[in-house]
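Please open the model in your viewer and get your selection tool ready. We will walk through its pockets and its ligand, one selection at a time.

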Amino acid sequence: MNIYQKIFNLNNKIVLITGSRGLLGEKILKTFRKLNAKIIAVDYIKNNKEFNFIRKNRELSFNADMSNTAHVKLITKKIQSHFKKVDVIINAHQIKPEGFLSNKPEDLNEDIWKRIIDVNLTGTFLSCKYFGKLMFKQKKGSIINFGSTYGVVSSNYNLYNKLKFGNPIAYTASKGGISSLTKYLATHWAKKGIRVNCLIPHGVANNHSAQFKKNFEKMSPLGRMMEKDEIIGPIIFLSSDASSYCTGTDFLVEGGWTAW
Ligand SMILES: NC(=O)c1ccc[n+]([C@@H]2O[C@H](COP(=O)([O-])OP(=O)(O)OC[C@H]3O[C@@H](n4cnc5c(N)ncnc54)[C@H](O)[C@@H]3O)[C@@H](O)[C@H]2O)c1
């Protein structure tokens with residue numbers, strides 16, 4: 001094995017992915033399959049509040065609500081009996097409840113606010129708290145929390161020019177919280193050998209309207225939206241020993257959006 005193969009090697013690593021059926025989560029899951037990792041996949045089927053799981057070859061797959069402590073504890077138990085440990089945790093879940101696309105803070109319903117904070121922020125905390133402990137014994141691990149440029153800068157209403165939607169204040173608050181939580185954990189768990197980083201993608205192309213694309217391209221320094229394949233390089237880097245000196249970072253993959 002040469003030096004490049006060694007530092008990027010993820011063969012047989014146990015990788016947990018939340019939001020594994022999402023746009024990026026699914027891409028990440030398929031990537032780790034190709035890299036011969038063992039996978040723990042967690043997602044939540046809308047309106048299916050039943051906790052359940054399937055075990056197939058080298059994979060555990062859960063239907064679970066990441067904002068529900070009981071569900072997270074049950075997943076932890078199953079991992080303990082099946083794999084015993086986790087090497088990489090990728091928190092890529094997010095919720096978009098009905099009313100999500102409102103961009104008027106003065107009109108945002110409190111129930112929507114609470115649900116977004118509960119799933120995005122508390123769900124990420126619960127994942128780090130319970131699954132993170134499965135890294136303590138081996139004194140090694142990498143946690144990647146998905147943030148957003150909207151946790152770094154405000155959602156810019158020019159992006160939604162001539163459109164009837166926006167991005168809600170609760171999303172921004174939850175993602176800003178994830179960046180902060182990441183830095184706290186990175187410093188408090190550094191001596192335990194656990195690295196914690198916040199990966200921040202932006203504007204991943206997904207059948208957006210022509211108007212939205214036009215607005216985006218005008219505002220983006222790279223002049224285009226992100227392709228979902230472009231998450232693979234950063235994910236492999238942050239998951240592997242290639243990033244052994246990176247912790248507590250906001251790792252921006254946003255085409256220069258916040259650089260203006
Ligand atoms: N796609 C983008 O343009 C973009 C930009 C910036 C940041 N992000 C962040 O990257 C991450 C991945 O984005 P995406 O586009 O793949 O999101 P997505 O909306 O496609 O997928 C999110 C997944 O989370 C799952 N989920 C929802 N509620 C859950 C719960 N309570 N418990 C467990 N799972 C739950 C959903 O079922 C879904 O499969 C998210 O955290 C998102 O905020 C995405």
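Start by selecting α2: this helix makes the largest share of the lining of the largest pocket, giving three residues. Keep in mind on this tour that the model is predicted.

Now add the other contributors to your selection. Besides α2 (23-34), at least two residues of that lining come from each of β2 (38-43), α4 (110-132), α5 (169-188) and α6 (210-219). Which residues should you click to find the centre of the largest pocket? Try Gln94, Ile95, Lys96, Phe100 and Tyr171, which lie nearest the centre among the 47 lining residues. If you display the volume of the largest pocket, expect about 1,500 Å³. Colouring its lining by class should give you 23 nonpolar, 15 polar and nine charged residues.

Next, switch on the ligand. Where does the ligand sit? The space it takes is the largest pocket, the one you have just coloured. Among the elements, α2 and α5 each give two or more residues to the shell around the ligand, and α2 gives the most, with three.

Show that shell as sticks. It holds 24 residues, and the ones that come nearest to the ligand are Leu24, Asp43, Asp65, Tyr171 and Lys175. Tyr171 is worth a second look: this residue is also one of those nearest the centre of the largest pocket. By class, the shell has twelve nonpolar, eight polar and four charged residues.

Zoom in on the ligand's oxygen atoms for three polar contacts:

- Select leucine 23, where a backbone N or O atom is 2.9 Å from a ligand oxygen.
- Move to glutamine 94, where the side chain takes part: one of its N or O atoms lies 3.0 Å from an oxygen atom of the ligand.
- Finish at valine 204, which places a backbone N or O atom 2.9 Å from a ligand oxygen.

With those contacts in view, turn on the surface. On its own the ligand would expose 830 Å², and the protein buries 86% of this area.

For the last stop, hide the ligand and go to the second largest pocket, with a volume of about 300 Å³. Its lining counts 18 residues, and Arg21, Leu29, Arg33, Ala41 and Ser61 are the ones nearest its centre. Select α2, β2, β3 (52-56) and β4 (59-63) to see the elements that give two or more residues to this lining. Which of them supplies the largest share? That is β4, with five residues. Colour this lining by class too, and you will find six nonpolar, four polar and eight charged residues.

How values were computed:
Residues numbered from 1 in each chain as written. Predicted model: local features only at pLDDT ≥ 70, side-chain atom pairs only at ≥ 80, totals over all residues. Heavy atoms only, no water. 1 Å grid on protein atoms, 1.4 Å probe; cavity = no way out; pocket = protein on both sides within 12 Å on 5 of 7 lines; lining within 4 Å. Points joined across faces, edges and corners; volume = space filled by probe spheres on them. Helix = DSSP H or I, 4+ residues; strand = E, 2+ residues; numbered from the N terminus. Nonpolar A, V, L, I, M, F, W, Y, C, P; charged D, E, K, R; others polar. Near = heavy atom within 4 Å. Polar contact = N/O pair within 3.5 Å; in protein donor to acceptor, adjacent residues only side chain to side chain. Areas by Shrake-Rupley, 256 points an atom, 1.4 Å probe, with all protein chains shown as cover. Sits in = over half its atoms within 2 Å of the grid points.
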